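Okay, thanks everyone. Let me put the structure up, and then I'll talk about charged pairs for a couple of minutes.

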Amino acid sequence: MQPGIHPAYRPVVFRDKSAGFAFLTRSTMTGDATVAWEDGNTYSVVDVEISSASHPFHTGAARVLDTAGRVERFERRYGRRGAR
């Protein structure tokens, strides 16, 4: 790598507030806030909307959105199939 053209690569804490999960990794991202980590050091923290702790694919708890009534609502709007 050429010196002076790349952003700083430093330890950062990524925090998923919805799941109460945080992990320390290295990144070029920086956050406005800081957090005291388990090792006693203070790191920049980046809040994320979703992580492996809260994503349905990783947790196995898929959330079902409004599936009940969709077929009935479609049939009310456009009629039953073969009814024409």
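What follows is a quick walk through the salt bridges. Keep in mind that this is a predicted model.

So, how many salt bridges does a search of the whole structure find? Two.

Let's take R15 and D47. These residues form a salt bridge, and the closest N and O atoms are 2.8 Å apart. Now look at where the partners sit: R15 is in strand 1, residues 10-16, while D47 is in strand 4, residues 42-48. That's 32 residues apart, so we have distant parts of the chain being linked here.

Buried or exposed, what is R15? Somewhere in between: R15 is partly exposed, at 26% relative accessible area. D47 is partly exposed too, with a relative accessibility of 42%.

Okay, next pair. D47 also meets the side chain of K17 in a salt bridge, with 3.9 Å from N to O. The cut-off is within 4 Å, so this pair counts. K17 lies in the loop between strand 1 and strand 2, and D47 is in strand 4, so this contact ties together parts that are 30 residues apart in sequence. As for K17 itself, that residue is exposed, with a relative accessible area of 58%.

Put the pairs together and you get one network: R15, K17 and D47 are joined through salt bridges that share partners. The shared partner is D47, which pairs with R15 and with K17.

That's my bit, thanks.

Methods: Residues are numbered from 1 along each chain as its sequence is written. This is a predicted model: local features need pLDDT of at least 70, side-chain atom pairs count only at pLDDT 80 or more; totals for chains, interfaces and linings use all residues. Side-chain values use heavy atoms; hydrogens and water are left out. Helices (H or I, at least four residues) and strands (E, at least two) are DSSP runs, numbered from the N terminus. Buried means under 20% relative accessible area, exposed over 50%, partly exposed in between (1.4 Å probe, protein chains only).
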